[in-house]
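Biologist: Before I rely on the labels attached to a structure, I would like to hear how each of them is earned. Could we look at it together?

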Amino acid sequence: MIEAIVVSVASECKSEIEKLNLDLEKLLEVVRYADSERALCTRNDPRGFGLITINAKAARGLREQFCGNDWVHDETDNQPGILNEELGVRIIPCNFDENAGNPLLDPTNRTEKGAASSKKVRCNGTSWLPGLEPPIIDDESGVVTLVLGIFSEEAEPLRAELSYPLEFNGGKYKYFKRRIMLLSGSDAPIDSPATADSESGKPTETVEINVERRKK
Amino acid sequence: MLNPERLELVRLRHGLTKIGFADKLGVDRKTLQRFENGDYELPNSSVTKLLDFSGYSKEFFGDFSKLEYPSPEGVSFRSLRSLTAARRNAAMAAGALAFIFDDFITSEYALPESNLTTEVKSVSPAKAALSLRADWGIGFRPIGNLLNLLERHGLRVFSLVEETRHLDAYSLWRNEKPYIFLNTLKSAERSRFDAAHELGHLLLHRHIGSSHSTAEAEADAFASAFLMPREDLLAEIPRVRSLQVIIEKKQRWGVSAAALAYTLHKMGKISDWHYRSYCIALGKFGRDKEPNPMQRESSQIWEKVLTDLWRRGTPLSRLAKQLKVPERELNGLLFGIATKANPLPQESSKISLRTIENNT
């Protein structure tokens, strides 16, 4: 199998995202929005509601951030997302495992997906995405489906990537042809320079105060 | 012969009405009034009752030196509207005792002089806070120990042990010296915010008073900006993932989770919906329970002074006798330093005190 192309350099990620008529900062905002909504879930919520929340709120975030001239709502096969008909690109959110945003390991979806995801991946094998080689086979809808994979868990770093799945088996994404890293686990976007905690950012020290006895 | 003014102080400290006080002494209101006017001496039985219930010594009541109370017009109170006059007067009377102690200590020790500039031009409270930070050379850094910072810059800070949740703190200027009184029965974070709030009053409202309608909001805005500079907040919390982030990060600025959440909400870092949810979640901890609490700050100056007095053979009990004030009252004003487990250094340890010429 061909090695997946992993885009993890910040400038390249930004450029890849722009090719899709998207904005990296807005995309990160979508991920963080979904994550913060998930953080409101408590143990009083039904089991799995956290994952449902991420999916639903990421879809809402995508729509609120990008729908307008180029992007429109998409509900194909009851999978919420956004669609750019001109580019022939659809984006759907999905809960990924802890390998999301990790350029060295292959992620997959956390819970098994069904026929709708399988169909979209099959279609990906026949479509063309800007920046990739022209498609070999041309059938089905001709729309590429990208997955906004998010790993959001309490007390775990937030991770995310935008990926182009090409193989789906047993309810899981098995192979991604291209992966664009968005959040690698640190709070900052991937590959951004680390900010050192300088002396000026540390709390003020407790200092000795002079208390002097007066001479009588 | 007893000094009526001293009886009045004790009445105020106990939060009693005149009728209630007369009852305690076993006399009627008119008899007490005659005593106050100097027409009548209290019977011995009443004096015994007075000494018993008040805990004050006979020497205290026999002292005719003038007491100085905090001037009601010059005091900024941080309290709920539900604070009763009795509680308020009791706290003010504690101030009078603090002045007795402070005057004695000032005559014995040279303490840092106040360098708080109150010529604040018409700037916003937040700008005034940043300006003071610049004056004190701390920039945007979080304040490690606020009490230490205040004392270093000549503010006298006393504690109050008023058993009421209605009173937080008060502050005043006296003889060009700024004073802050903190109710230490609140959480450590709350006390810190109260101290910063009172610092705001001292700085912003010295000349115009703090009775106008916006004074409290201004002092709050000052405290918020002073403890949590916007620049540092933005650098440390670019986004809020969850309430847990707030509970962890609050330690940096030494504020309550509620205060940090409020500030982040005001800055637009938390949506209305999330802020409401966080408030509900924080409310579940309980009114006086602070998640991830910080250690309470205490006075370094009073600790050094008490240690030195102790070394010179004057423990707090003896000092209390000398000043004719009950030891528990002094201890209550001094953050309970004298009753802490090991407040005093071992014989072998050194103390950084030296003798200077008395120039007062």
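Modeller: Certainly; this is a predicted model, and over all chains it holds 39 salt bridges.

Biologist: What makes A:Glu153 and A:Arg110 a salt bridge?

Modeller: The closest N and O atoms of A:Glu153 and A:Arg110 are 2.6 Å apart, and a salt bridge asks for a side-chain nitrogen of Lys or Arg within 4 Å of a carboxyl oxygen of Asp or Glu, so the pair qualifies. A:Glu153 lies in the loop between strand 5 and strand 6 of chain A, and A:Arg110 in the loop between strand 4 and helix 4, so the pair ties together parts that are 43 residues apart in sequence.

Biologist: Why does A:Glu153 count as partly exposed?

Modeller: Its relative accessibility is 31%, and since buried means under 20% and exposed over 50%, the value falls in between, so A:Glu153 is partly exposed. A:Arg110, at 27%, counts as partly exposed by that reasoning too.

Biologist: Which parts of chain A does the pair of A:Arg179 and A:Glu161 tie together?

Modeller: With closest N and O atoms 2.7 Å apart, A:Arg179 forms a salt bridge with A:Glu161; A:Arg179 lies in strand 7 and A:Glu161 in strand 6, so parts 18 residues apart in sequence are tied together. Both residues are buried.

Biologist: Why are helix 2 and helix 3 of chain B called roughly perpendicular?

Modeller: They pack at an angle of about 95 degrees, and angles of 65 to 115 degrees count as roughly perpendicular, so the label follows. Among the residues making the contact are B:Phe21 of helix 2 and B:Leu32 of helix 3.

How values were computed:
Residues are numbered from 1 along each chain as its sequence is written. Chains are lettered from A and ligands numbered from 1 in the order in which they are written. This is a predicted model: local features need pLDDT of at least 70, side-chain atom pairs count only at pLDDT 80 or more; totals for chains, interfaces and linings use all residues. Side-chain values use heavy atoms; hydrogens and water are left out. Axes are lines fitted to C-alpha atoms, for helices over the stretch in contact, and angles run from 0 to 180 degrees between N-to-C directions. Helices (H or I, at least four residues) and strands (E, at least two) are DSSP runs, numbered from the N terminus. Angles under 35 degrees count as roughly parallel, over 145 as roughly antiparallel, 65 to 115 as roughly perpendicular and the rest as oblique. Contact means heavy atoms within 4.5 Å. Buried means under 20% relative accessible area, exposed over 50%, partly exposed in between (1.4 Å probe, protein chains only).
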